[in-house]
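Hi,

Here is the structure I promised to pass on. Have a look at it first, and then read my notes underneath.

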Amino acid sequence: MMLPAKLPVNAENVDCENPDLNNLALTVHLLGLPVLYSFRRCPYAMRARLALVAAGVKVEIRELVLRAKPAHMLEISPKGTVPVLWLQDGTVIDESLDVMRWAVSQNFPSDWLVLNDAQQHQCDEWIALLDGEFKRNLDRYKYPHRYHTETYTCDPLEHRAVCETILARWNAVLEQNGPFLFGGKPSFADYAILPFVRQFRIANEAWFDGMSGCDALKAWLGDFLISNLLEQAMPKLKPWQPGDAPLTFPG
Ligand SMILES: N[C@@H](CCC(=O)N[C@@H](CS)C(=O)NCC(=O)O)C(=O)O
């Protein structure tokens with residue numbers, strides 16, 4: 001959701017005579033860049049960072065841990081999920097797909113495919129499937145204990161099987177179109193989806209790598225895992241604290 005600007009603040013219009021470093025770090029864009037609240041392992045934050053790297057758009061990054069979210073992030077986005085992008089005019093973009101859209105609207109990545117209407121429609125459908133049914137089952141596969149109740153035992157393998165069926169669909173597309181979902185060039189769809197397929201593999205790498213009948217999908221993921229793009233999108237950072245020196249992303 002894009003929220004309207006509250007109070008535009010930047011380094012220029014703050015009284016720096018007597019700066020309280022903590023407040024300054026919270027309320028201004030110290031580098032004059034948008035601020036991205038991010039969590040390295042989160043696939044939603046990952047897709048946002050991938051789009052920022054691909055578009056060559058620089059931001060100030062604030063890494064966090066989910067159990068200790070910065071007060072400022074919660075103030076600008078009370079729903080408390082990452083990623084959150086805070087623009088210089090105060091606009092808050094706190095949905096990962098919107099951060100991706102914003103990044104590519106700043107500078108469309110030269111190697112990405114521009115989707116035509118039919119492809120855009122297909123892309124939206126795949127992402128809805130991914131963010132809905134796939135993610136729901138992925139969570140239950142990875143963390144079944146979170147879903148047990150007194151009367152219900154969550155069976156991770158049941159949920160893995162649902163994910164596998166969805167992955168088989170993308171495998172069929174990749175077999176036909178490959179190496180990317182829409183052919184020779186990557187697109188918004190690939191980078192919106194890949195972080196979640198990566199997460200699915202991480203739940204049991206040996207099983208995933210031995211899974212039969214998904215060679216095109218495995219090749220697609222494999223290329224992504226060794227890509228410069230992913231490496232640039234995955235810096236290892238200490239959790240940010242007010243007063244820390246600001247960090248630029250991509251570094
Ligand atoms: N629809 C949101 C979902 C983001 C989301 O759920 N992120 C997770 C981390 S992967 C989160 O921040 N969860 C909050 C928490 O666990 O406290 C988006 O696309 O940005």
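Below is what I found, going from the strands to the core and then to the ligand.

Before you start, keep in mind that this is a predicted model.

Let's begin with strand E2, which covers residues 35-38. Is it buried or exposed on its two faces? Both faces are covered: Val35 and Tyr37 are buried on one side, and Leu36 and Ser38 are buried on the other. That fits the usual pattern, because side chains in a regular strand alternate between the two faces of the sheet.

E2 pairs with two strands that I'd look at next. With E3 (residues 59-63) it runs parallel, joined by 4 bridges. To get from E2 to E3, the chain passes through helix H2 (residues 43-55), and this β-α-β crossover is right-handed. With E4 (residues 84-86), E2 runs antiparallel, and here 3 bridges join them.

Tyr37 is a handy residue for finding your way around. Its bridge partner in E3 is Arg62, while in E4 its partner is Val84. Next along, Ser38 stands opposite Glu63 in E3.

Now on to E3, which is mostly covered, with 4 of its 5 residues buried. Besides E2, which strand does E3 pair with? The answer is E6 (residues 247-249): the two run antiparallel and 3 bridges join them. If you want a pair to click on, Val59 has Phe249 as its bridge partner in E6.

Then there's the core. The largest nonpolar core has 57 residues, and the members touching the most others are Ala51, Leu52, Val84, Val99 and Ile193. So you meet Val84 again here, after seeing it as the E4 partner of Tyr37. As for Val99, leaving out residues up to four places away in sequence, it touches Ala48, Ala51, Pro83, Leu85 and Ile93.

Finally, the ligand. Which residues are around it? They are Phe39, Cys42, Tyr44, Leu66, Gly80, Thr81, Val82, Pro83, Glu95 and Ser96. By type, this shell divides into 6 nonpolar, 3 polar and 1 charged. Pro83 is one of the residues around the ligand, and Val99 of the core touches Pro83 as well.

Cheers

Definitions and conventions. Residues are numbered from 1 along each chain as its sequence is written. This is a predicted model: local features need pLDDT of at least 70, side-chain atom pairs count only at pLDDT 80 or more; totals for chains, interfaces and linings use all residues. A residue is near a molecule or strand if its C-beta atom, placed from the backbone, lies within 6 Å of it. Ala, Val, Leu, Ile, Met, Phe, Trp, Tyr, Cys and Pro count as nonpolar, Asp, Glu, Lys and Arg as charged, and the others, Gly among them, as polar. A nonpolar core is a set of buried Ala, Val, Leu, Ile, Met, Phe, Trp, Tyr and Cys residues joined through C-beta atoms within 7 Å. A residue is buried if 20 or more other C-beta atoms lie within 10 Å of its own, exposed if 12 or fewer, and partly exposed in between; C-beta atoms are placed from the backbone. Two residues are in contact if their C-beta atoms, placed from the backbone, lie within 7 Å. Two strands pair if DSSP finds at least two bridges between them. A crossover is right-handed if, with the strands pointing away from the viewer, the path from the first strand over the helix to the second runs clockwise.
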